[in-house]
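Welcome, and please take a moment to look over the sequence and the 3D view before reading on. We will walk through the structure together, one part at a time.

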Amino acid sequence: MEVLKTIISISVMASLLALLVVIADKLLNNYGECSIDINKGSRILKVQGGTTLLSALSLQKIFIPSACGGKATCGLCKVRIIDGGGVILPTEEPYLTAEEVKNGMRLSCQVKVKRDIKISIPEELFSIRQFKTKVARITQMTHDIKEFELVLPDSETITFKAGQYIQVLSKPYDKIKEPVSRAYSIASVPSMEGKLEIIVRQVPGGICTSYMHQYLKVGDELTLSGPYGDFYLRETGKELVMIAGGSGLAPIKSIVLDVIERNLDRQMTFFFGAVTMKDLYYVDYFRDLERKYGNFRYVPALSKPAPEEAWDGEIGLITNVVEQHVKDANDKGAYLCGSPGMINACINVLKKNGFTDDMIYFDKF
Amino acid sequence: MEASPVISPFVIFFASIFTSNMILSNFLGMCSYISVSNEYKTASGLGKAVTLVMIFTTAANYAAYRFFILPLGLDYLRFIIFILIIAASVQIIELVMDRYFQELHLKLGIFLPLITVNCAILGISLFMIIRNYNFLQSMLFSAGSGLGWWLAISVLAAIREKMAKTRLPKGLEGPGITFIITGIMALAFIGFSGIFSIQ
């Protein structure tokens, strides 16, 4: 009897309290519908309150670049909040400079939508979408570069400007427990329907490139988002001087094909820098284009061709080769894609020959 | 117990702030007192939270004791029931804070749930039964104890903030010097004991 009484009393008490907590949770954790005003009313979203700004926006198909998936460890998802973001949280502080705090920048993965909120984001983010693609082909291009053909889901299309990039989300593998997100330029032409190509060089020890090179197989699913970036074909400058190294060939290939396809009246010279012949790829492809289209010139250059290689092209550092061929900046625009070292060196050479900052576009990685 | 005259609730109120301060004379609730007293603003916030939780849980526990535990003769269950009530109250208060006082909620962080096991809070409910307080006495006792706790942690935090740049012997940094300051504060508070006493 005593035992029963004890059990019943405790149970009744506990249930009553549980009920109270549940009611409080329903009343207090319910923020109702909140509105997100983007760029001074250019878009107004209605969302269910209580979630983070990042996930609220991604549910509405607006993708803020984020690599860590909302754990406040990458600091990429910065958004300017004009009103309604509340105070800056301790989790955000390490990622915001004093300047950014003054401008109202916040990490969108930490800000919770609890009332109507006003934010400002770059317009181009509106066209960014997420795709679940399927790997259709993997081609070994050189000893450390592979090309991936990715098929978009049925009826989906990606609209991008030649030269822009997408972000690939890797899956956890081996000792890597967290998915990471890395940027790769699109190598295919914007008009290609239902699929796209990216070129990935294996970076020794790279988390995402190792995943792409060693774990990803034909038929696997690959999540990507895009398009991103302000490296794309501009209307200024009639003649295009394009310089690339390694996997930096990707956006240049897209731009060249785009110009040819759209029949634009632009002169193009493509300098491709490599060390030996085994670092070259797409050589026949570009030589073929050179033969077919009079306004395209392809200049591959090797800095240290191996003695046994029968190389009949340019020899020397890419900077020297560019300097020999590009004598002036008259009505030209330069497009550079490659390692920061190569790009900086080439920019110096171009500037010496009269190029100004507004004539040079580049994508460093 | 029955023979002793009823102590005025107001005496209890002031005594529990000064002479019978929960921290400085009963040494209850030391855990958060030591760990959250680096910064005056946060300490004061925690003090407010503890005061709020104390008043709230004492009222709830008093009601539970009078109308549930005593009539059913469940005196032997009072610990578990008190703790259940305290836990639920803290959870509800946390929800309220998350909604209306977000900055304080984030500052308190892990310490708010820790209030659940702050012994000062369970202490109040148990003292109120041991000392046979009526409702008014219990409420003023809890309010006084809460304010006393708030006062003590605020004073300590203010002192520690002042001392932040002081060069201390290595072994005394952090908790060490905090205990010494607490001891000196306790001595100072004993000075009040001639005025009124409840024990």
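The paragraphs below go through the sheets and helices of one chain, then the other chain, and end where the two touch. Please keep in mind that this is a predicted model.

Let us begin in chain A with strand E3, residues 78-83, which has two partners to look for. Three bridges join E3(A) to strand E4(A), residues 105-107, and the two run antiparallel. To find this pairing on screen, pick A:Val79, whose bridge partner in E4(A) is A:Arg106. E3(A) is also joined by three bridges to strand E5(A), residues 117-120, again in an antiparallel arrangement. Here A:Asp83 is a handy marker, with A:Lys118 as its bridge partner in E5(A).

Further along chain A comes an open sheet of six strands with antiparallel pairing, in the order E9-E8-E11-E6-E7-E10. Which strands stand at the edges of this sheet? They are E9(A), residues 181-185, and E10(A), residues 195-201; each has a single partner strand, so one side of each is left without a neighbour in the sheet. On average, neighbouring strands in this sheet are turned by 40° against each other, direction ignored. Inside the sheet, E6(A), residues 129-140, and E11(A), residues 221-228, run antiparallel and are joined by six bridges. One place to see this is A:Thr133, which has A:Leu222 as its bridge partner in E11(A). Helix H4(A), residues 207-215, lies across E7, E8, E9 and E10 of chain A, and runs at about 115° to E10(A).

A second stop in chain A is another open sheet of six strands, ordered E15-E14-E13-E12-E16-E17, and here the pairing is parallel. E15(A) and E17(A), the latter spanning residues 360-364, stand at its edges with a single partner strand each, so one side of each has no neighbour in the sheet. Five bridges join E16(A), residues 332-338, to E17(A), and the two run parallel. A:Ala334 shows the link well: its bridge partner in E17(A) is A:Ile360. Helix H8(A) packs on the sheet, where it touches E12, E13, E16 and E17 of chain A, and its direction makes about 160° with that of E16(A). Another helix, H6(A), residues 283-292, lies across E13 and E14 of chain A, running at about 145° to E14(A).

Helix H7(A), residues 318-325, deserves a look of its own. Which of its residues are buried? They are A:Ile318, A:Thr319, A:Val321 and A:Val322. These residues cover an arc of only 165° around the axis, and therefore they sit on the same side of H7(A). What covers the buried residues includes strands E12, E13, E14 and E15 together with helix H8, in chain A.

Now turn to chain B, which has nine helices and zero strands. Of its 199 residues, 38% count as buried. Among contacts in chain B between residues at least 6 apart in sequence, 82% join residues at least 24 apart.

Finally, how many residues of chain B are in contact with chain A? There are 16, and they meet 16 residues of chain A. The elements giving two or more residues to this side of chain B are helix H4(B), residues 78-100, and helix H5(B), residues 102-108. H4(B) gives the most, with ten residues. By class, this side of chain B has twelve nonpolar, two polar and two charged residues.

Definitions and conventions:
Residues numbered from 1 in each chain as written. Chains lettered and ligands numbered in written order. Predicted model: local features only at pLDDT ≥ 70, side-chain atom pairs only at ≥ 80, totals over all residues. Contact = placed C-beta atoms within 7 Å. Helix = DSSP H or I, 4+ residues; strand = E, 2+ residues; numbered from the N terminus. Nonpolar A, V, L, I, M, F, W, Y, C, P; charged D, E, K, R; others polar. Pairing = 2+ DSSP bridges. Buried ≥ 20, exposed ≤ 12 C-beta atoms within 10 Å, placed from the backbone. Arc of directions from axis to C-beta. Axes fitted to C-alpha atoms, helices over the stretch in contact; angles between N-to-C directions.
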